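Here is the note on the model you asked me to look through, set out as numbered points. Please read it with the structure open beside you.

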Amino acid sequence: MFEILLGSLLGLFGFTQAVDTKPQPQGTVNLSQQLTPNGPLRESVQLEPMSQVQFRNVIRQSYDYSCGSAALTTLLDYYLGRNLEERQVMEGLLKYGEADKIVQRRGFSLLDMKRYAAALGYKSGGFRAEFSDLDSLENPALVPIHYGGFKHFVVVRDVYNDHVFVADPALGNISFTRSRFEAIWDQNVLFVIYPGGQEPKSALALKEQDLRLVDDRTVSLLAFRDFPELSKFASNRVTEAASKGDVQYIRNK
């Protein structure tokens, strides 16, 4: 028995010396398919956690009231190529925006964002638009929505086959049907930051794996499961400012 065990250990040692047996990267799964014309097929597949895929190229908001700063950071980082953290953007919005009003309403307005974008050297603008304008827009745009009883900011990545794909700082990469988006689009306002030079290589551009449409019911379930604070705010009517519609937007002159 001892000789057999010793022989097995020596065989294993020889195998590990002859074959590279380094630990595989985290998330690697080995798949084996026996019934193939050329014999067994074995391959390694790299899997990503769903949470990582869901928030790829999206800045997740750090606070229940910071959707505006997180959406703006997403636009600056993944469209314009900046390397900013949400905290830095919040500090900039407080410095160049209307600090007293920001504290009072516990949120940032598009006017605050316009001033901060100007301080960074970018031209920007807020507009009233139709859906056709959004469909033909070549750049990602930050838009306010009114969803689940609260006001919220998201980044519209693109429109494809009457579905609006957004980077949501609370829920990650999701999509809405055109009719649903038009129903929640707050006052048809959009905010665009212009690159001011050569068009950047946008990390927010749609890829093949993004074209998995999420129905509204799934979005709602995810919203209240993964971000329960939203249901609390909805029941409490968010804040007094939101219930009175005290949110500032840039309007066309």
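1. I begin with Val143, because its surroundings can be listed in full: once the neighbours within four places in sequence are set aside, Val143 is in contact with His152, Phe153, Val154, Val156, Phe181, Trp185, Val189 and Leu190. The residue is found in strand 4, and, with a relative accessible area of 0%, which falls under the 20% cut-off, Val143 counts as buried. One further distance may help in placing the strand: the C-alpha atoms of Val143 and Val166 are separated by 9.6 Å, with these positions 23 residues apart along the chain taken as their separation.

2. As to the status of the coordinates, this is a predicted model, and the confidence is uneven along the chain. The protein chain averages a pLDDT of 78, and 63% of the residues score at least 70. Among the elements of the chain, helix 3 has the highest mean pLDDT, at 96, while helix 11, residues 240–243, has the lowest, at 40. Over residues 234–253 the pLDDT is below 50, although in the model this stretch has 36 contacts beyond near neighbours in sequence. Where pLDDT is low, the predicted coordinates should not be read in detail.

3. Turning to the chain as a whole, the secondary structure comes to 11 helices and 8 strands, and 38% of the 253 residues count as buried. Of the contacts with a separation of 6 or more, 63% are accounted for by residues 24 or more positions apart. The chain exposes about 15100 Å², of which carbon and sulfur atoms supply 53%.

4. Helix 3 deserves a paragraph of its own. It runs over residues 67–78, and its 12 residues reach 16 Å from the first C-alpha to the last, close to the 16 Å expected at 1.5 Å a residue. Why can helix 3 be called largely enclosed by the rest of the structure? The reason is that 11 of its 12 residues are buried, among them Cys67, Gly68, Leu72, Leu75, Leu76 and Asp77. The cover over the buried residues of helix 3 includes helix 4 (86–96) and helix 6 (110–119), together with strand 4 (141–147), strand 5 (150–160), strand 6 (163–168) and strand 8 (189–194).

5. The packing of helix 4 against helix 3 can be followed at a single residue, Val89, which lies in helix 4. Val89 is buried, with a relative accessible area of 0%. Not counting residues up to four places away in sequence, Val89 touches Ser69, Leu72, Thr73, Leu76, Leu84 and Tyr116, and of these Ser69, Leu72, Thr73 and Leu76 are also listed among the buried residues of helix 3. The C-alpha atoms of Val89 and Ser69 are separated by 6.2 Å, though the two residues are 20 apart along the chain.

6. The loop between strand 5 and strand 6 calls for a check of the backbone, since most residues other than glycine have a negative phi. Asn161 has its place in this loop, and its phi is near 50°, a positive value in a residue other than glycine. Asp162 lies in the loop between strand 5 and strand 6 as well, with a phi near 60°, again positive in a residue other than glycine.

7. Is each of these two loop residues buried, partly exposed or exposed? Asn161 counts as exposed, at 59% relative accessibility, whereas Asp162 is partly exposed, with a relative accessible area of 42%. Leaving aside neighbours within four places in sequence, Asp162 is in contact with Phe131, Phe176, Thr177 and Arg178. For one of these partners, Thr177, the C-alpha to C-alpha distance from Asp162 is 6.2 Å, at a separation of 15 residues in sequence.

8. Finally, on internal space, the count comes to 2 cavities of 30 Å³ or more. The largest cavity has a volume of about 70 Å³, and its lining is made up of Val53, Arg56, Asn57, Arg157, Asn173, Ala203, Lys207, Gln209 and Asp210.

Notes:
Residues numbered from 1 in each chain as written. Predicted model: local features only at pLDDT ≥ 70, side-chain atom pairs only at ≥ 80, totals over all residues. Heavy atoms only, no water. Helix = DSSP H or I, 4+ residues; strand = E, 2+ residues; numbered from the N terminus. Expected span 1.5 Å × (residues − 1). Buried < 20%, exposed > 50% of the residue type's maximum accessible area, 1.4 Å probe, protein only. Contact = heavy atoms within 4.5 Å. Areas by Shrake-Rupley, 256 points an atom, 1.4 Å probe, with all protein chains shown as cover. pLDDT = per-residue confidence, 0-100. 1 Å grid on protein atoms, 1.4 Å probe; cavity = no way out; pocket = protein on both sides within 12 Å on 5 of 7 lines; lining within 4 Å. Points joined across faces, edges and corners; volume = space filled by probe spheres on them.
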